Structure formats: C-alpha cells, structure tokens
Amino acid sequence: VAPSIVDYGTPEQVQAYALPILRGEATACLGMSEPDAGSDLASLKTRAVLEGAGTDGARGEWVIDGQKVWTSWATTSDWAFVLCRTDRDAPKHKGISYLLVPMRQPGVEIRPINQITGTSEFNEVFFSGARTSADLVVGEVNGGWRVAMGTLAFERGASTLGQQFGFLSEFAELLDEARRRGRSSDPI
C-alpha cells in the first residue's frame, strides 16, 4: 500500500499515510477481491458515491457500499485501500477509483475467515455506508485501475511485509509485558 501512495498519491497523502505505514506506525490492507468477481477484478461491484462536494469549496465524502473478501490482516489494519466503482456507466476497466478508507468506523464490519490451521489472517469486509474524505482518492477519480495494477506489482515483491509488521507488533507487546514484570533484562 505505501509504495502505491508514494507512486500515485499526492505529497500530502505521502506525508500523512505512506510514511507512517513505512515506519510501522500504521497498518493497511488491500480491499480488492470480491465474492462474485473471481479473478475478474474489474467486475467489482463495491461502489462509492461522492456526497457533499460542492462549488462552494466543500470537499465532501465518499460513501462506500459493498463487500471485499480474502482481505489479509483487515482485523489489525488502520486503513484499507478499497477499489470501488465510482462511475457505473463507464466501461469495465474505467470508472474505478482507489480510496484510502479508515477501518475503525461505523459501516465497516470485518468477519475473519477461519482456516483449517486455526488461523484467520484472511477476512471478509462489509462496507455499509462507510465514509472517507473526498481527498483520499489515490491517483485520479475513475483512474484506479492503473493504481491497482501498480499495487499488485508491489505486492508480488513484498508479499510477506505485512507479516513482518505483525511480528514486530507482537514482539513489542511481549517486550512491554517483560518490562511490566521486571524481566526485560532476562535473556530468556
């Protein structure tokens, strides 16, 4: 996610979102796959409608409705990159925008997908009137397909990066507990 913000986002988005993610201070997940789309990502149905934007300078908000599936680490993410249909009349690979959406808000429901291993790093995510600021489009409005393809290229090169941040977070929790118990200098 962070490399996509760096490549396609505004300087303000890089400062506010990419740098905290790269420093491990914030986490993000990808909301791309959908239950009825299979491998045809461009057939997505999750939609975002801009509300409140006006000629008076009001920026407005995107209101998001739809479902994503196989979203890795959604339960621990601060943000999601959500691929949304923003122009229903546009051809299939157009009319799609890439929105940065806060995960901890009303209208976002996360359901872990339990695996046979007992873990559940994959999730279903339901958006029911979830909101994000109009200026949190990464790339151009209706130009999200290009950003999505760039993100997938980055993901293939760093497929375990999310796990590394998870391990770092778990280690920090263990170290805090060791300090609380006065055992932080214990080599074991």
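## Surface and charge

In this predicted model, the chain exposes about 10,800 Å². Carbon and sulfur atoms supply 53% of that exposed area. Buried residues account for 36% of the 188 residues in the chain.

The chain carries 18 positive and 24 negative charges. The mean positions of these two sets of charges lie 2 Å apart.

## Fold and dimensions

The chain contains 4 helices and 7 strands. Along the sequence, these elements follow the pattern α-α-β-β-β-β-β-β-β-α-α. The radius of gyration of the chain is 18 Å, close to the 16 Å that the globule rule gives for 188 residues, so the chain is as compact as a globular protein of that length.

Taken along the principal axes, the C-alpha atoms fill a box of roughly 65 × 40 × 30 Å. Among the contacts in the chain with a separation of 6 or more, 65% are between residues 24 or more positions apart.

## Ser77, in a loop

Ser77 is located in the loop between strand E3 (61-68) and strand E4 (79-85). The relative accessibility of Ser77 is 3%; buried means under 20%, and Ser77 therefore counts as buried.

When neighbours within four places in sequence are left aside, the contacts of Ser77 are Thr27, Ala28, Cys29, Met103 and Arg104. This loop residue thus has contacts that include Thr27 on one side of the sequence numbering and Arg104 on the other.

## Arg131, in strand E7

Arg131 belongs to strand E7, which covers residues 122-133. The relative accessible area of Arg131 is 32%. This value lies between the limits of 20% for buried and 50% for exposed, so Arg131 is classed as partly exposed.

Apart from neighbours within four places in sequence, Arg131 is in contact with Glu51, Glu61, Trp62, Val63, Val101, Pro102 and Gln105. With one of these residues, Glu51, the contact is also polar: the side chain of Arg131 meets the side chain of Glu51 at 3.1 Å. Trp62, another residue in contact with Arg131, is 69 residues away from Arg131 in sequence, yet the C-alpha atoms of the two residues are 5.6 Å apart in space.

Key:
Residues numbered from 1 in each chain as written. Predicted model: local features only at pLDDT ≥ 70, side-chain atom pairs only at ≥ 80, totals over all residues. Heavy atoms only, no water. Helix = DSSP H or I, 4+ residues; strand = E, 2+ residues; numbered from the N terminus. Rg over C-alpha atoms; globule rule 2.2 N^0.38 Å. Buried < 20%, exposed > 50% of the residue type's maximum accessible area, 1.4 Å probe, protein only. Contact = heavy atoms within 4.5 Å. Areas by Shrake-Rupley, 256 points an atom, 1.4 Å probe, with all protein chains shown as cover. Lys, Arg positive; Asp, Glu negative; His and termini not counted. Charge placed at Lys NZ, Arg CZ, Asp CG, Glu CD. Polar contact = N/O pair within 3.5 Å; in protein donor to acceptor, adjacent residues only side chain to side chain.
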